[in-house]
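Here are three short exercises to work through with the model open beside you. Try each task before reading its solution.

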Amino acid sequence: MSIRTRPTGVLVPPVEETRYEEELARGFVAADAEAFAAIYRRWGSLVHTMATRSLGDTHEADDVTQQVFIGAWRGRHGFRPDRGPLGAWLVGITRRKIVDALAARTRRLSLADSAARAAARPGPVPAAPDDVLDRVLLVEALSRLPYAQREVLCMAFYEDLTQAQIAARTGVPLGTVKSHARRGLHRLRLAIEQDHMPAADM
């Protein structure tokens, strides 16, 4: 299937525009890679803008945009043209992914708050100061990672999931999960090492 390239900056009659979107939708359902590339070019900036405005973080918006189009491609057989246009379907996926990202952020903040309360709470066998500091630094360093890396490491650390299980849960390819874990651990190590560096004498 050959997808026509739309010239940028050229006004197109609404009827022709609708036909073009329908052509893209047919190619998308038929798993046509060329159609999917055209769909990404057409709606990618809209998805990214929605995510950026809602999350206030371009790195998280990048991750959400990737998740939207990966999810759309894998779930393309669930698209029903009779229920609405392709653009509206993508917007719906975007909203759900944004909600997921905000929920993950809330969980991270709750985790940080719990760690802080645990550090301040007296107990019969108080934790060593260095152990408390390490926990707080770990949570803080995790919160600064890009969303995808943070999500993978949180699932591994706090849910004890293997990389294969993380890939199955998130729908992200195993190789990508491994890459996120490797890069995330590298950044995490650098951040914690930097936090442990003694302050320079004034």
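**Exercise 1. Describe the largest pocket of this predicted model: its volume, its central residues and the elements that line it.**

Solution. Start with size: the volume of the largest pocket is about 340 Å³. Next, look towards the centre: 22 residues form the lining, and those closest to the centre are Q67, K97, E151, T170 and V172. Now assign the lining to elements: α3 (58–74), α4 (86–120), α6, α7 (163–170) and α8 (174–196) each give two or more residues. Of these, α3 supplies the largest share, with six residues. Finally, sort the lining by character: nine residues are nonpolar, seven are polar and six are charged.

**Exercise 2. Find which residues make a nonpolar surface patch of about 270 Å², then place Y158.**

Solution. The patch is made by F157, Y158 and L185. Following the chain, you will find Y158 in helix α6, which covers residues 147–158. To classify Y158, take its relative accessibility of 40%: partly exposed lies between the cut-offs of 20% and 50%, so Y158 counts as partly exposed.

**Exercise 3. What is notable about the phi of A31, and where does this residue lie?**

Solution. Begin with the general expectation: most residues other than glycine have a negative phi. A31 is not a glycine, yet its phi is positive, at about 65°. Then locate A31: the residue sits in the loop between α1 (14–29) and α2 (33–55). As a last step, check exposure: A31 has 34% relative accessibility and therefore counts as partly exposed.

Conventions. Residues are numbered from 1 along each chain as its sequence is written. This is a predicted model: local features need pLDDT of at least 70, side-chain atom pairs count only at pLDDT 80 or more; totals for chains, interfaces and linings use all residues. Side-chain values use heavy atoms; hydrogens and water are left out. Patches are made of residues with over 30% relative accessible area and no salt bridge: like charges are joined within 9 Å, nonpolar side chains (Val, Leu, Ile, Met, Phe, Trp, Tyr) within 5 Å. Accessible areas come from the Shrake-Rupley method with a 1.4 Å probe; for residues, only the protein chains shown count as cover. A salt bridge is a side-chain nitrogen of Lys or Arg within 4 Å of a carboxyl oxygen of Asp or Glu. Helices (H or I, at least four residues) and strands (E, at least two) are DSSP runs, numbered from the N terminus. Buried means under 20% relative accessible area, exposed over 50%, partly exposed in between (1.4 Å probe, protein chains only). On a 1 Å grid over the protein atoms alone, a cavity is a set of points where a 1.4 Å probe fits but cannot get out, and a pocket is an open set with protein on both sides within 12 Å along at least five of seven lines; lining residues have an atom within 4 Å of a point. Grid points are joined across faces, edges and corners, and a volume is the space filled by probe spheres set on the points. Ala, Val, Leu, Ile, Met, Phe, Trp, Tyr, Cys and Pro count as nonpolar, Asp, Glu, Lys and Arg as charged, and the others, Gly among them, as polar.
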